[in-house]
Amino acid sequence: MSTIPIFADESWQLPSRGRVGMLCLIIGESAIFTIFVVAYIYYIGRSAYGPTPKILELPIFNTICLLSSSVTIMLAEHAIQHGLMRRFALLWGLTMALGIEFLAGTAMEWHKLIFSDHLTISTNLFGTTFYSLVGLHATHVVIGIIGLSLVMLFTLMGRVKPSHAERIQVLALYWHFVDAVWVVVFTVVYIVGR
Amino acid sequence: MRQRRALSSLRSWLTLIPWFGLSTTFALADGPRSTPTIWAPASTPAHEIYGISLFVLLITGTIFAVVGGLLAYALIKFRVRDAEDMKHEPAQIYGSVQVELAWTVIPVLIVVVLFLTTARIIFAIQDAPKPKSALDVTVVGHQFWWEFRYPKLGIVTANELHVPVSTKSNPEPTYLKLLSADVDHSFWVPQLGGKTDLIPNHPNQMWFDPDATGLYLGQCAQFCGIEHAKMLIRVYVDTPDQFQAWVENEQKPGVQDPSVAAGRHIFETEACVNCHTVRGTAARGTVGPDLTHLMNRATIAAGAAQNTPANLHAWIKDPNVFKPGALMPAMQLSDQQIDQLVAYLTTLH
Amino acid sequence: MADQTLPIPGTLDAAQPRLGMLEWLHSWVVTVDHKKLGILYIVYALFFLLVAGAEAMAMRIQLAVPSNHFLSPELFNEFFTMHGTTMVFLVGMTIIFGIGNYLVPLMIGARDMAFPRLNAFSFWLSAFGGLFLYFSFIGGFGLYGMGSAPDVTWWAYAPLTAKAFTPGHNTDYWALSLIVMGFGTLGAAINILATVFSMRCKGMTLMRMPLFVWLMVVTSALTLITITPLTAAQIMLIIDRYLGGHFFDAQAGGAPVVWMHFFWIFGHPEVYVLILPAFGIANEVIPVFSRKAIFGYPAMVAASIGIAFVSTTVWAHHMFTVGMTSVGNTFFVLSTMMVGIPTGIKIFNWIATLWGGKIRFATPMLFCIAFLFQFLCAGLTGIMLSVAPWDWQLHNSYFVIAHFHYTLAGSFVFCIFAAIYYWYPKATGRMLSETFGKWHFWLFLIGFHMTFDTMHFVGMFGMPRSIYTYQADRGWGTLNMIISIGGFIQAIGVLLFAWNLIHSYLHGKEAGNDPWDAWTLEWSTSSPPPAYNFAADPVVRSRRPLWDIKHPQDPDWKYER
């Protein structure tokens, strides 16, 4: 065995691997969303036939719910850092509820589009780009909620300790990302594209 | 031993130079016009490209000689010579800002020169103004054949493009409008210029002004399906008189020869008419090539076979003989029926 | 400044228990050790190298003479699609992440990757994707014929991939397996980045990392933002094919050109994803066999990052012929030519590293030297192709095939071979045979030049790519025969290499810890390294920690900038 001389004259601090990993995942996911957003923007007004984005209604309430879930999860992070587990559980549950409300709102919007406006993913180019972009985002919300529920489950079982604050923050980072993407999707689909 | 190997590595590189001459010889062994080489340009765009190619070859060749020479020199000069030589490490040099800056500037300068030259040629070819005398041809790519339409002359033909020669005194460039009926294709006749893709929902344009008469070969250069390899192009550059004669003949409806009425009857009552047109008859299909003047074409099946009665017979019996996967179905006709059909087709001059 | 090494008690010299066949297999399947996973990646990639090579040989037999009937058109189209897809995704991507997996933790003095279980998951995802792709040969109607392997080329331009034009499952296999492999690759890239940023040993600042690690960082970062657009585009394709979407449907207003953009936004940086780790390998091998430190380390790092940045802006140089505006074409000419600047810096720095050294021509070095020449040529033909008007002629011809095989075979594969000759002793504890190595090198070199030098010419003589046959009157026959013979000479070289790998594993010379007298951390531990890599966490003070130990009078940290 060779030996390496050790020089103990440098302080050594590296970022947490969870955070780096999540940031990388977010960069990669952003690229996926970029492609779908570019496709959506490029195809605005190019449908050869069928319904147009005029039929969309602004999902204001949904947006408020999802964006405020970012605030509640931040407060939850704060709570666990200070060891306030009850408060954490409450805020975490609230975040989940807001996320689920968002999904329910999306489901209702889609129900209306499909059954009263007769717009499906195969109807025309608008349908294809709309459902895939909004659906891709909704898929991410679903994945986020699965993550949140796991933490909730462990919290209710009493397994989550303040020492897990860092891991909670990594998951919260993902949730913030999902919210940020919604801002882009909302702007592109409901404001620019309509 | 080591030195010898280093040297023979160098030698294997030097063989590159005669390689070019050798390859040219091989390729040209079959006669000059049959190889669609980019080194025999015959139109203004092709000449422009030829010119810039030589210029770029000169620059890159010089870079190769200088950098490759330095590399070879370093390898020979600084090789380890014997066991004694291996005992001591050489002087360690970690870098030098001045030197590195110097050799960053050189590639920057080369890039600037190359870029400006290239930009000039791009604009010269792509944005050349279209003269009034230009001939318009609409090219439609199909799986796996070419449709050529001359909208002003009312001609529709396939696979073999006829254009007039363009001289200085009488410039008559051809402007192609490139469309696709199905998937992506690419129109490439190397001696007449670069290729341009035919993409559905994305009309393109290209032009050339052939400066010598003759036959120029090319083929589809974008993979378009199973028979992409047999989607060949023949461009006939005619003298103005030849071209005029060809146009006049093409504008006539299909020949109606009563002696082959039986074959014509088969043609018009079988599925042939669903895909093919013979102007002046009931056959008005547009899925396959227009056959009004079939016998004026040297080849059938987009260049896959010579246009002879025997080949026509084989082709109608089973297109897979020449082009497995071609979209034309085998017609399930008896040999006698096919003979009659071929007799009819061979009258379509 | 004390010399403290802390052996882990009780495990250091314990003999490995002998495992039964089943236990041994089990240990490989469930492993989360970065070294074992690295080897799995590499073995997997080498297996597919042979498979894709065999496909190439079949195509070369078909093209050796005009109007040949060795392969049916369907099979030829399937083979070149599979050859390209396999070589890029199953061989290239897997082998760089394999070598990266093996070396990055060792080189930065870490005990494992940041996420060992994610690492195993990524590998098995990629492996499953690859097997799924090859299942296409027997899936569908496979048992009745040659299956439904993808046959739409590896760039799969829409609308050929639409249900209307490829009604079978060929394209589905292609798209789905690439989505699966895409997620595997994404996991691997995230893991490498997290490892490098969070797991470095004490003293291993970013600017002291071995250049191979740097290049893996750049490659992984590039993977993050380029594999994902491909995944997105494949999802769109699947939506089109399965849910009746219209992304690339010209009839509904969709634009096939959009697919081209999305594909090449991935496709061009992908080439750099492959070639950058090859640079990294050259950056490790060339200094050791020249006995000199790499010249201009900061410039090398900067150039690598520069190449990665520029590479994300050049994609449309694959699309000069699709009818972009003259201004668009001009922009992509400029951005493409800009790649030449950082690349030029790299080549000059390599020459400067050789300059004044004492060059030893061992097999890894031979491969790296050939790499230098071939990469120079590849760069120069790249410049030729970046000249848009000339590209209108050369695009989709055999010239392009020659160019990118110069980068991917002549540069990437040569560096991979160098890497295997160089690090095989570390991974197995035994040297690869130098005699076989030299035979492998010369056969591969000669075959390579016969094949790919000639391809430049046949391309300039008008032969387009992806054609399964050509007519005798085109005059391409003799040249194609030379190309095919060269291909077979390469194949013999590769078979010798495969034999060498197996033979040397059983009978090779014992390597010892540091057979090449090298300088990076992986050579400080035993060969093969123990599961925990280092008995004590190493601490470094310069880019070449082992040089510092071997030359205490003259250590690097006194001189490095």
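The following dialogue concerns a predicted model of several protein chains and the terms used to describe it.

Biologist: What makes a feature of this model eligible for discussion, and how are residues, chains and ligands labelled?

Modeller: In this predicted model, local features need pLDDT of at least 70 and side-chain atom pairs count only at pLDDT 80 or more, while totals for chains, interfaces and linings use all residues. Residues are numbered from 1 along each chain as its sequence is written, and chains are lettered from A and ligands numbered from 1 in the order in which they are written.

Biologist: Why is Lys252(B) called exposed or buried?

Modeller: A residue is buried if 20 or more other C-beta atoms lie within 10 Å of its own, exposed if 12 or fewer, and partly exposed in between, with C-beta atoms placed from the backbone. Lys252(B) has 12 other C-beta atoms within 10 Å, and is therefore exposed. Lys252(B) lies in the loop between α6 (240-251) and α7 (261-269) of chain B; helices (H or I, at least four residues) and strands (E, at least two) are DSSP runs numbered from the N terminus. The C-alpha atom of Lys252(B) is 8.6 Å from that of Thr292(B), 40 residues apart along the chain. For chain B as a whole, 41% of the 349 residues count as buried.

Biologist: How do you know which chains touch?

Modeller: Two residues are in contact if their C-beta atoms, placed from the backbone, lie within 7 Å. Of the 2 pairs of chains that touch, chains B and C share the most contacts, with 89 residues from chain B and 84 residues from chain C taking part. The side of chain C that touches chain B has 50 nonpolar, 24 polar and 10 charged residues. In these classes, Ala, Val, Leu, Ile, Met, Phe, Trp, Tyr, Cys and Pro count as nonpolar, Asp, Glu, Lys and Arg as charged, and the others, Gly among them, as polar. Chains A and B, by contrast, are joined by no contact, and their closest C-alpha atoms lie 12 Å apart.

Biologist: What does chain A supply to its contact with chain C?

Modeller: There, 35 residues of chain A meet 46 residues of chain C. Helix α1(A) gives the largest share of chain A's side, 13 residues. By class, that side has 22 nonpolar, 10 polar and 3 charged residues.

Biologist: How does the radius of gyration of chain B stand against that of a compact globule?

Modeller: The radius is taken over C-alpha atoms, and the globule rule is 2.2 Å times the number of residues to the power 0.38. For 349 residues the rule gives a value near 20 Å, but chain B has 28 Å. Its C-alpha atoms fill a box of roughly 95 × 50 × 35 Å along the principal axes.

Biologist: What makes β1(B) and β2(B) a pair?

Modeller: Two strands pair if DSSP finds at least two bridges between them. Strands β1 (residues 135-142) and β2 (residues 145-150) of chain B are joined by 5 bridges and run antiparallel, so they pair. Val140(B) stands opposite Glu147(B) in β2(B), and the two strands form a hairpin with 2 residues between them. β2(B) also pairs with β3 (residues 155-158) of chain B, in the antiparallel sense over 4 bridges. Here Arg149(B) faces Val156(B) in β3(B), and Gly154(B) in the turn has a positive phi of about 70 degrees.
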